[in-house]
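Work through the exercises below with the sequence and the model at hand, and try each task before reading its solution.

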Amino acid sequence: DSGLPVYADIAQVPAYERQGLTYADVAQPKWIEKDPAIFYGFWGQALRDYRHTVPHAGFEFVQKWRLDKMKGGVSQQIRDRVQTKMQQAAAKGSRSTDGSEPYYTPYE
């Protein structure tokens, strides 16, 4: 659990409750013109919460996995393969790599 409030709880703030406002009410962009204090109070609090929340272990796992994949040059390998396939298709007269369906390439 990230510790961040869920939608049902995020607008349970005494100032909003006194005005009868729910999450669906205060999350609207109209408040920037109608009542900037509500707009900046709501979105400012959300921004502050996100900036000060430490990601849980699941985020760390995904980040480590992504960084490990990037170190191995996976993204470059994918780009190289796509470029090779596009060049092969262009050489075959703009047909798919197996020659079954036509499609346009940036080489035309």
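Rings of Phe, Tyr and Trp, the last taken by its six-membered ring, pair if their centres lie within 6.5 Å. The model examined here is a predicted one.

**Exercise 1.** Determine which residues form one aromatic cluster, and how many aromatic pairs the rule yields.

*Solution.* Applying the rule gives a count of 4 aromatic pairs. One aromatic cluster is formed by Tyr16, Tyr23, Phe42 and Trp43.

**Exercise 2.** Classify the ring pairs Phe39–Tyr40 and Phe42–Trp43, and state how far each of these residues is buried or exposed.

*Solution.* Planes over 60 degrees apart count as edge-to-face. For Phe39 and Tyr40 the ring centres are 5.0 Å apart and the planes stand at 90 degrees, so this pair is edge-to-face. Phe39 counts as buried because its relative accessibility is 16%, whereas Tyr40, with a relative accessible area of 51%, is exposed. The pair of Phe42 and Trp43 is also edge-to-face, with 4.8 Å from centre to centre and 85 degrees between the planes. Phe42 is buried at a relative accessible area of 4%, while Trp43, at 37% relative accessibility, counts as partly exposed.

**Exercise 3.** Describe the surroundings of Trp31, starting from its secondary structure.

*Solution.* Trp31 lies in helix H4, which covers residues 31-34, and it counts as buried because its relative accessibility is 7%. Leaving aside residues up to four places away in sequence, Trp31 touches Leu21, Asp25, Val26, Pro36, Ile38 and Phe39. Its side chain also reaches the backbone oxygen of Asp25, at 2.6 Å. Finally, the C-alpha atoms of Trp31 and Phe42, 11 residues apart along the chain, are separated by 9.7 Å.

Note on methods. Residues are numbered from 1 along each chain as its sequence is written. This is a predicted model: local features need pLDDT of at least 70, side-chain atom pairs count only at pLDDT 80 or more; totals for chains, interfaces and linings use all residues. Side-chain values use heavy atoms; hydrogens and water are left out. Helices (H or I, at least four residues) and strands (E, at least two) are DSSP runs, numbered from the N terminus. Buried means under 20% relative accessible area, exposed over 50%, partly exposed in between (1.4 Å probe, protein chains only). Contact means heavy atoms within 4.5 Å. A polar contact is a pair of N or O atoms within 3.5 Å; within protein, one must be able to donate a hydrogen and the other to accept it, and residues adjacent in sequence count only if both atoms are side-chain atoms. Rings of Phe, Tyr and Trp (its six-membered ring) pair if their centres lie within 6.5 Å; planes under 30 degrees apart count as stacked, over 60 as edge-to-face and the rest as tilted.
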